[in-house]
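This report goes through one protein model, from its strands to its side-chain contacts and the confidence of the prediction. The sequence and structure come first.

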Amino acid sequence: MKSFLLNSILILTIFSSAVNSNAQTTGNKSSDSVLAKEEVKNSLRQGQWALMFGIGSNFTLTNFEDAMIAGKYQFSSKSALRLDFNLDYYNEQDADEDFTDFQDRTYGGNLSFLYCINPKGRFNIYFTLGINYQYHYSFNGSSGTSAYSESTYWITGPKAGAGAEFFIFQSMSVFAEYNYLLGFGKQKFTQSDGFSIDSRNFNISRFRSDYAKFGLSVYF
């Protein structure tokens, strides 16, 4: 009888210890899960979209990488695709003779893949790799004469860079980014003195570091 009681007490003690250990493990997992959820204070999640705007040195909204607006789509918390466009246009026209004296316009865009190395916190570091395209046209004439100069060029090539993003709120962040661009293209230059026309074609190449860009992102 004593042996039966001792064995029963031993079995109950082992069972109670196992239950308590399992409950403690489950509680730790739940706490870790809650903590992990609390650490994710951003919108870097699959399916998220973002609109991105540039911020000037005086912290006023301006263009982003010479683009009025950029759009970003998150494939996952670590990877995203960003597309931005630019349109710069300037036209100077003689008010009396209705003659265009000067015109300058640029169209372009960038398609970039972004990879974030630490997507769970408010502060994130990312790298970019993509392609840049730009088309430029300029015209300079003289009122009352047929003398003018005209230039067109296009250039395309890869771009790479790195940036940092800080989430002010879960759906809003500020960022800074720096890029290097390599481009190749063609240029056509035409000039007239009013009597003869000279036209030339050029192969062009360019490698430059882009200025640091500051911006604001809104996720939805």
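Two strands count as paired if DSSP finds at least two bridges between them. Strands (E, at least two residues) and helices (H or I, at least four) are DSSP runs, numbered from the N terminus. The model is a predicted one: local features need pLDDT of at least 70 and side-chain atom pairs count only at pLDDT 80 or more, while totals for chains, interfaces and linings use all residues. Residues are numbered from 1 along each chain as its sequence is written, and side-chain values use heavy atoms, with hydrogens and water left out.

**Strands**

The protein chain has 1 helix and 10 strands. Along the sequence, these follow the pattern α-β-β-β-β-β-β-β-β-β-β. Strand β7 (residues 148-169) runs antiparallel to strand β6 (residues 123-141), and 19 bridges join the two. Within β7, Ile155 is the residue that Gln134 stands opposite. On to β8, strand β7 is again joined by 19 bridges in an antiparallel arrangement. Here Phe167 stands opposite Ser173 in β8, and a hairpin of 2 residues joins β7 to β8.

Contact means heavy atoms within 4.5 Å. Of the contacts in the protein chain between residues at least 6 apart in sequence, 59% join residues at least 24 apart.

**Burial and the nonpolar core**

Residues are called buried under 20% relative accessible area, exposed over 50% and partly exposed in between (1.4 Å probe, protein chains only). Of the 220 residues in the protein chain, 30% are buried. A nonpolar core is a set of buried Ala, Val, Leu, Ile, Met, Phe, Trp, Tyr and Cys residues joined through side-chain atoms within 4.5 Å. The largest such core has 11 residues, among them Leu44, Met52, Leu114, Phe167, Phe175 and Tyr219. Two or more of the core residues come from each of β1 (49-55) and β5 (100-116).

**Salt bridges**

A salt bridge is a side-chain nitrogen of Lys or Arg within 4 Å of a carboxyl oxygen of Asp or Glu. The structure holds 3 of them, listed here with their N to O distances.

| Salt bridge | N to O distance |
|---|---|
| Asp84 and Arg82 | 4.0 Å |
| Arg82 and Glu177 | 2.8 Å |
| Asp198 and Arg200 | 3.4 Å |

Shared partners join Arg82, Asp84 and Glu177 into one network of salt bridges. Which parts of the chain does the pair of Arg82 and Glu177 tie together? Arg82 lies in strand β4 and Glu177 in strand β8 (residues 172-192), so this pair ties together parts that are 95 residues apart in sequence. Arg82 is buried, at a relative accessible area of 0%, and Glu177 is buried at 2%. Asp84 is buried as well as Arg82. In the bridge between Asp198 and Arg200, by contrast, Asp198 counts as partly exposed at 36% relative accessibility and Arg200 as partly exposed at 49%.

**Aromatic rings**

Rings of Phe, Tyr and Trp (its six-membered ring) pair if their centres lie within 6.5 Å; planes under 30 degrees apart count as stacked, over 60 as edge-to-face and the rest as tilted. The whole structure has 8 aromatic pairs. One of them, Tyr90 with Phe102, is tilted, with 5.9 Å centre to centre and 55 degrees between the planes. Tyr90 is in strand β4 (residues 79-93) and Phe102 in strand β5, 12 residues apart. Tyr90 is partly exposed at 42% relative accessibility, and Phe102 is partly exposed at 29%.

Phe139 and Tyr148 form a stacked pair, 5.7 Å centre to centre with 20 degrees between the planes. Phe139 is buried at 18% relative accessibility, whereas Tyr148 is partly exposed at 23%. Trp49, Tyr73 and Phe75 form one aromatic cluster.

**Confidence**

pLDDT is the predictor's confidence in each residue, from 0 to 100. The protein chain has a mean pLDDT of 78, and 70% of its residues reach 70 or more. Among the elements, β7 has the highest mean pLDDT (93) and helix α1 (residues 2-39) the lowest (45). Over residues 4-16 the pLDDT stays under 50, and the model has 0 contacts for them beyond four places in sequence. Residues 21-38 also have pLDDT below 50, with 0 contacts in the model beyond near neighbours in sequence.
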